[in-house]
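Grab a pencil and work through these exercises at your own pace. Try each task before you peek at the solution.

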Amino acid sequence: MADTDAFFRTEMLPPKEPPLSQRGVWKWMHENMFSSIGSGALTVLGILFVLYVLASAFPWFAHSVWHADSLRQCRDIVHKTWGPGTDGACWAVIRANWNLYLYGFYPMEQIWRPNLAFLLLLVALSPILFSRLPRKMIWFSACYPALAYWLIWGGTLWISVTIMAGFAVGALVLRFLGRIAGTALGVGGAVLGAVLWWLFVAAPVATALADIVPLHLTFVPSDKLGGFLLSFITGMCGIGFSLPMGILLSLGRRSDMPIIKTSCVLFIEFVRGVPLITLLFTASFLLAYFLPPGTTFDLVLRVIIMVTLFSAAYIAEVIRGGLAAIPRGQFEAADALGLDYWKAQRLIVMPQALKISIPGIVGVFIGLFKDTTLVIIVGLLDPLMGISNAVRANVAWNGVYWEPYIFAATIFFIFCFGMSRYSMYLEGKLKTDHR
Amino acid sequence: MAEAARMQVSHEVAVQITKMNKWYGTFHVLRDIDLTVHRGERIVIAGPSGSGKSTLIRCINRLEEHQAGQIIVDGTELTGDLKNIDKVRSEVGMVFQHFNLFPHLTILENLTLAPMWVRKTPKREAEETAMYFLNKVKIPDQAQKYPGQLSGGQQQRVAIARSLCMKPRIMLFDEPTSALDPEMIKEVLDTMIELAEEGMTMLCVTHEMGFARQVANRVIFMDQGQIVEQNEPNEFFNNPQSDRTKLFLSQILGH
């Protein structure tokens, strides 16, 4: 046997800093850019490529013209200022058609209405997005959809009020029936109550109230909506309605009850298996054949419904992924404490599942927001193609090509990037594992 | 101390299991289980893995459904009736091997959630109760932290406190120390011993034979889904009757 040197430590070693070559910017550059000859060469090539792209695009952006009445005038200015044969961006087209891009053909004298709706949207969203704000503000958020509907489409306020009242009717039924007959029957009764209210009570009550207190705004038909206003309406409605619907679908898909499970699976798989354009077509043309003659069903509303259904199916699958990631022990602990199914879902399961699903959900939302440009398919004026075509139809701007796309891309980017950053903020805020 | 606690066993029945059977598919996990637990009794269930001991106590709060026989907990029979199940579950506390704390809630919120949503206790009262039990398990200073920030032993003590906040009449422990580092086992066992000395009715699946000797007034040995032997701890350890029990004891006490 070899000699074992007995050893014992009298002092513990204090921690030291790593050697100089192993920290700071040199270490980073060595590891990430020049770790070998091959990667060094790729780094240099990459930098050269980026410089080349910037150098070719730069003059076009540098020669920007902001004030002109037509594309021809734009080009004249470019040639006069920077010499003949030069090329330049003509942002004057955006400036001249600003209102068209933002609002479509919304009546000019009523523009304050969508503007106010947008401002109130920010107010309504803030308590949902930031938990530090007073919780009472949520009530405003809940009433916002009705208010926004009234502001944008006009007509009488009482239609919005009676539609919201339907939800209150449902809540009341749930509260009383739920206490007597249990949650499942309560929910069924609530849905039935609300639907009956909307079908038979809402319209006469609205008419009667409108006669007594007329709160009326000029009616603006849906075909006047366009541009980013339209994108925002469809996008926000889609986002707002598809999340709760997706949650219910994902729960339904995991349900033990065969009918609920099967219908959820069929819905999700059908909607996911069909292109959005097909659904939009169905919404705009086919539904007209199936609905009773004379039924007027607003085109924008139909598009919103289809966009919502479409993204709800995706959200449901994203959330199902989150649900699958939750350990069985969480369900068991909730059961063992005596929480019933809905309470366990709401307090234990969903907060965790949604947290895991945030990147996926926001991904679906971003996709949905960009997909709102597909409404061009059914003849609505989206900000990308619809409005740009309308602009180019004007002789003065015929031939303008890059600028409208770059403009629309910028606006979309700002909002999509905002959503993406918010999702990262939320992930960070909800991080409680501290690993 | 342990002797004194042992006196508190009453004749009142807390859990009555008769001819209970359970299958997983065609696999017969629990066979003809007969067990009567009196109020204040502390029962340790031991046995090799796969013997059905966890399944047995999970049947008592219906985390597992039994297919034949009868389980009556605190006078309520467990059937498909959801109201009865929720009633039993709110009377029976359970502590899991992997703690199963809710990671998205603070320790305090973990403790107040069930009292507030199941018992409809006002928030302030629920928080006072929660702090009382956190003091009892000796970690009141961790109330505002999240479970992920605590050590395993602390988490398990929080889990015990969470169950106690519902003021249960029976406590089930499903291998509460098996997932813990050796140096943390003692703090959890100490908490359990304290609980036992206060007269809590306890059913405990564990491999901690020292704990069984110290606090149990009955040790049940299970194998292949059956109760093979039960006795008071001294007799059980010093004078086991069945060969299966002798083999098991020699294996776990052998080193």
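**Exercise 1. Contacts along chain B**

Task: Among contacts in chain B between residues at least 6 apart in sequence, what percentage joins residues at least 24 apart?

Solution. Keep in mind that you're looking at a predicted model. Start with the contacts in chain B whose partners sit at least 6 apart in sequence, then pick out those joining residues at least 24 apart: they make up 67%. Now try the same for chain A. Of its contacts with a separation of 6 or more, 73% are between residues 24 or more positions apart.

**Exercise 2. Globule or spread out?**

Task: For each chain, work out what the radius of gyration says about the overall form: compact globule or more spread out?

Solution. Step one is chain A, which has 17 helices and 2 strands. For its 435 residues the globule rule gives 22 Å, but the radius of gyration is 29 Å, well over that value, so chain A is more spread out than a compact globule. Along the principal axes, its C-alpha atoms fill a box of roughly 100 × 80 × 40 Å.

Step two is chain B, with 10 helices and 10 strands. A compact globule of 255 residues would have a radius of gyration near 18 Å, and chain B has 18 Å, so the two agree. Its C-alpha trace spans about 55 × 45 × 35 Å along the principal axes.

**Exercise 3. Domains of chain A**

Task: Which residues belong to each domain of chain A, and how many Å separate the C-alpha centres of domain 1 and domain 3?

Solution. First, read off the assignment for chain A:

- Domain 1 covers 59-96.
- Domain 2 is written in two pieces, 101-106 + 221-430.
- Domain 3 covers 155-217.

Next, go from centre to centre: the C-alpha centres of domain 1 and domain 3 of chain A lie 56 Å apart.

**Exercise 4. Surface, burial and charge**

Task: What share of each chain is buried, and what share of the accessible surface belongs to carbon and sulfur atoms?

Solution. Let's put the two chains side by side.

| Feature | Chain A | Chain B |
|---|---|---|
| Buried residues | 38% of 435 | 55% of 255 |
| Accessible surface | about 25,700 Å² | about 11,000 Å² |
| Carbon and sulfur share of that surface | 72% | 50% |
| Positive and negative charges | 31 and 23 | 28 and 32 |

One last step for the charges: take the mean position of each set. In chain A the two mean positions are 5 Å apart, while in chain B the centres of the two sets lie 3 Å apart.

**Exercise 5. Two residues with positive phi**

Task: Where in chain B do B:R62 and B:F99 lie, and are they buried or exposed?

Solution. Begin with the backbone. B:R62 isn't a glycine, and its phi is positive, near 65°. B:F99 is likewise a residue other than glycine with a positive phi near 65°.

Then find the loops. B:R62 is in the one between α2 (53-60) and β4 (68-73). For B:F99, look between β6 (92-95) and α4 (107-117).

Finally, check the accessibility against the cut-off: buried means under 20%. B:R62 has 10% relative accessibility, so it counts as buried. B:F99 has 11%, so it's buried as well.

There's a follow-up from B:F99. B:Q155, in helix α6 (residues 152-164) of chain B, touches B:F99, along with B:L101, B:P147 and B:L150, leaving out residues up to four places away in sequence. B:Q155 has a relative accessible area of 15%, so it too is buried.

**Exercise 6. Sequence distance and space**

Task: How many Å lie between the C-alpha atoms of B:K19 and B:A68, and between those of B:M202 and B:D243?

Solution. Take B:K19 first, in strand β1 (residues 13-24) of chain B. B:A68 is 49 residues away along the chain, and the C-alpha atoms are separated by 7.3 Å. B:A68 is also one of the residues B:K19 touches, and others include B:D32, B:I33 and B:G69.

Now B:M202, in strand β8 (residues 201-205). B:D243 is 41 residues away in sequence, and the C-alpha to C-alpha distance is 27 Å. B:M202 is buried, with a relative accessible area of 2%. Beyond four places in sequence, its contacts include B:E41, B:I43, B:F173, B:L195 and B:F211.

Methods
Residues numbered from 1 in each chain as written. Chains lettered and ligands numbered in written order. Predicted model: local features only at pLDDT ≥ 70, side-chain atom pairs only at ≥ 80, totals over all residues. Heavy atoms only, no water. Domains from an automatic or database assignment. Helix = DSSP H or I, 4+ residues; strand = E, 2+ residues; numbered from the N terminus. Rg over C-alpha atoms; globule rule 2.2 N^0.38 Å. Buried < 20%, exposed > 50% of the residue type's maximum accessible area, 1.4 Å probe, protein only. Contact = heavy atoms within 4.5 Å. Areas by Shrake-Rupley, 256 points an atom, 1.4 Å probe, with all protein chains shown as cover. Lys, Arg positive; Asp, Glu negative; His and termini not counted. Charge placed at Lys NZ, Arg CZ, Asp CG, Glu CD.
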